[in-house]
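Thanks for making time this morning. I would like to walk through one protein model with you, going from its overall layout to a few of its contacts, so please have the view open as I talk.

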Amino acid sequence: MTANTGTSGENLMGNGGKTHEPSTPTSDTEVASGTPTELSEIFFVDNSRRKQSIKIQVKLCPEGVYLRRETEEDDHINEQLIRIDDIIGSRYGRRLKKRARGGLNSCRNPNVPGQEADSEPDSDNSAYLYIYAYLKKEKPLRRVQTLRILRFRSSNDYGVNLQTAEMWHHTIRKHKRGNGSSSPADCGKQLLILLNPKSGSGKGRELFQKQVAPLLTEAEVQYDLQITTHPQYAKEFVRTRRDLLTRYSGIVVASGDGLFYEVLNGLMERMDWRRACRELPLGIIPCGSGNGLAKSVAHHCNEPYEPKPILHATLTCMAGKSTPMDVVRVELATRDKHFVMYSFLSVGWGLIADIDIESERLRSIGAQRFTLWAIKRLIGLRSYKGRVSYLLGKGKKEPPVEAARELPAESTAAGIRSSLPLNAGEFHDLPEEEEGEAVLDGEQFADAISLDRSVYRQHADSWHSAMSRRTAYYSLGGPSMRSNRSRMSISQRIEAANAEFAERVPTGTIPPLQMPLLSSDGWICEDGDFVMVHAAYTTHLSSDVFFAPESRLDDGLIYLVIIRRGVSRHQLLNFMLNLNAGTHLPIGEDPFIKVVPCRAFRIEPSSSDGILVVDGERVEYGPIQAEVMPGLINVMTTSGQ
Ligand SMILES: Nc1ncnc2c1ncn2[C@@H]1O[C@H](COP(=O)(O)OP(=O)(O)OP(=O)(O)O)[C@@H](O)[C@H]1O
């Protein structure tokens with residue numbers, strides 16, 4: 001719809017065809033900047049069929065834009081509200097040369113002879129305001145793209161008309177801010193967009209240009225697009241950029257879950273990790289193959305996902321709101337080394353992990369590979385011996401389990417740290433980075449630091465150190481260490497460095513992997529044969545696997561699904577078939593399948609052969625444990641907290 005205002009409006013309202021001043025506030029409440037709170041104007045739309053113009057009152061207020069349409073027929077009045085949340089942005093200026101989506105209809109001022117709406121831009125003194133909105137509709141849940149074009153032509157002077165359009169534009173922005181939305185444009189920062197051109201079907205770049213870039217333009221978002229050139233590019237980028245917090249307002253990953261994992265782990269390696277996690281909201285635009293996080297975020301916000309996941313997720317990232325989300329600190333032990341990684345989706349052992357990884361060889365057939373491999377694995381059903389231990393979530397009762405038992409209250413060696421209440425507030429930032437001597441010291445002792453925090457993700461095909469650089473640097477370079485350094489032996493320095501490190505970086509609060517878990521600390525342990533142990537902390541493992549329906553982004557809980565040997569193939573088949581709808585978990589007690597909401601868990605496989613996955617990627621097989629860091633990061637959502 002194109003509406004025009006100005007002399008025509010005045011004429012109809014009986015002002016004798018005089019041009020009128022630009023829109024003025026209808027309310028006298030004005031903010032310091034001079035932007036009014038409410039604007040109202042009469043517009044007209046040509047109705048060629050009825051050979052008359054339709055009068056439309058347009059009112060802009062904090063709730064959004066009201067359009068009230070009146071025709072000559074008394075009984076024919078209808079109204080529309082474009083909610084401020086549904087408006088992603090507006091633009092003002094001359095008429096766009098290219099026909100804008102939503103249609104810039106030819107319109108003629110009905111009351112001023114000779115004033116052609118379709119005149120060439122050069123002779124057109126009108127200023128146009130383009131309002132871009134994506135209206136949220138229920139049943140079915142969807143977003144409807146809507147463009148409203150307001151044409152301001154009350155003056156013969158283009159500059160005056162432009163001022164009016166500009167005032168409307170700024171008022172829209174003000175109301176969006178007032179609604180809790182913080183656009184990058186408002187804080188003078190850019191959005192960092194990391195795009196993996198190889199993710200999913202390998203069309204990330206194309207999809208971005210076609211579906212994401214136009215929305216960014218509509219929302220006036222300034223962005224820095226970084227196209228990854230190799231694995232670890234994104235991780236290194238966020239880990240090493242000194243101006244990350246001053247230059248960027250948030251980070252959007254246009255890719256699959258794999259790249260999001262890189263970004264998260266890159267942030268966690270920064271000296272200012274805590275501040276970075278708090279101040280830089282993270283968004284995801286699903287261009288990958290699994291897309292569990294994008295679907296979980298859409299589910300959380302009650303936003304549509306299909307049939308246009310990229311469009312919907314981009315809108316979510318543009319909404320300027322964020323919600324805290326849990327991160328899970330995962331610790332692995334292989335070949336006498338400790339590895340730490342930060343996860344946001346899941347840890348898996350057994351059935352689902354096997355299907356996910358083993359079906360890779362059928363990647364060329366698409367998503368059907370999972371179905372085919374699931375059938376294969378159900379026929380040749382495997383189970384794995386081992387031990388699963390967990391700390392129940394606060395206020396959660398232990399579910400009835402056949403073989404669950406409490407760990408003996410062992411009196412353990414000195415130095416075992418008991419499990420503390422998990423609290424994100426316990427994690428601290430490192431002090432600001434210092435150059436020079438400290439870094440040198442760090443390098444000198446890097447190899448000697450006992451707590452190696454390297455992580456190996458086989459699929460990513462590269463080693464990356466999660467903490468070692470920082471460990472070495474901080475521990476020995478801190479002011480408290482420097483003064484006593486000369487009097488300390490190397491081993492004392494290393495010990496002190498580790499102690500300081502443990503305080504300052506996001507260390508775990510549960511006992512290290514090689515230490516026993518105590519029932520007196522609340523640990524519950526199950527030994528036996530397991531078909532599957534799969535832990536999830538978001539609702540969806542992939543866009544079509546609704547694995548943990550009860551999960552909330554920041555509930556501080558890990559949903560541990562345990563399936564014991566003895567489960568029938570029929571029951572397993574039902575489990576697999578119902579994963580899509582989220583109805584796979586037993587409602588009442590079940591001797592073989594159960595779900596445990598916990599804060600931390602440990603898996604200790606008895607054999608050395610099997611598959612473990614973290615966030616859908618294979619990791620080294622061996623003992624693994626994880627604990628939740630509640631609400632550590634903020635993810636972009638449409639409903640902020
Ligand atoms: N330019 C690149 N070339 C090759 N690999 C890359 C490049 N950029 C990133 N990667 C790696 O590709 C891996 C997979 O990427 P991503 O997660 O984006 O896609 P996906 O695997 O298709 O999606 P999903 O993880 O949702 O299944 C990541 O682990 C990342 O390290």
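Before I give any distance between domains, I should say that the domain bounds I use come from an automatic or database domain assignment. Please also keep in mind throughout that this is a predicted model.

With those bounds, the protein is divided into domain 1 (2–178), domain 2 (184–319), domain 3, which is made of two segments (330–407 + 515–630), and domain 4 (428–504). The centres of domain 2 and domain 3, taken over C-alpha atoms, are separated by 28 Å. To the contact between these two, domain 2 contributes 16 residues and domain 3 contributes 14 residues. On the domain 2 side, the elements that supply two or more residues are α7 (257–268) and α9 (292–301), and of the elements there α7 gives the most, with seven residues. If we sort that side of domain 2 by residue class, we find six nonpolar, eight polar and two charged residues.

Let me stay with α7 for a moment and turn to the ligand. Which residues are the closest to the ligand? They are S199, G256, G258, G288 and G290, out of 22 residues that surround the ligand. Helix α7 again gives the most, this time to the shell around the ligand, with four residues. By class, that shell holds five nonpolar, 14 polar and three charged residues.

Next, a pair of helices. Helix α4 (residues 204–218) packs against helix α10 (residues 309–318) at an angle of about 35 degrees, with the two axes 9 Å apart, and the crossing of α4 past α10 is right-handed. If you would like to find the contact on your screens, look in α4 for L207, Q211, V212 and L215, which meet I310, L311, T314, L315 and M318 in α10. The residues of this contact divide into seven nonpolar, two polar and no charged.

Finally, let me step back to the whole chain. The protein has 17 helices and 25 strands, and of its 641 residues, 45% are buried. As for how the contacts are spread along the sequence, if we take those between residues at least 6 apart, 75% of them join residues at least 24 apart.

To recap the part I would most like us to look at together, α7 gives the most both to the side of domain 2 that touches domain 3 and to the shell around the ligand.

Methods
Residues are numbered from 1 along each chain as its sequence is written. This is a predicted model: local features need pLDDT of at least 70, side-chain atom pairs count only at pLDDT 80 or more; totals for chains, interfaces and linings use all residues. Two residues are in contact if their C-beta atoms, placed from the backbone, lie within 7 Å. Ala, Val, Leu, Ile, Met, Phe, Trp, Tyr, Cys and Pro count as nonpolar, Asp, Glu, Lys and Arg as charged, and the others, Gly among them, as polar. A residue is near a molecule or strand if its C-beta atom, placed from the backbone, lies within 6 Å of it. A residue is buried if 20 or more other C-beta atoms lie within 10 Å of its own, exposed if 12 or fewer, and partly exposed in between; C-beta atoms are placed from the backbone. Axes are lines fitted to C-alpha atoms, for helices over the stretch in contact, and angles run from 0 to 180 degrees between N-to-C directions. A crossing is left-handed if the near helix is turned anticlockwise from the far one by less than a right angle, and right-handed if clockwise.
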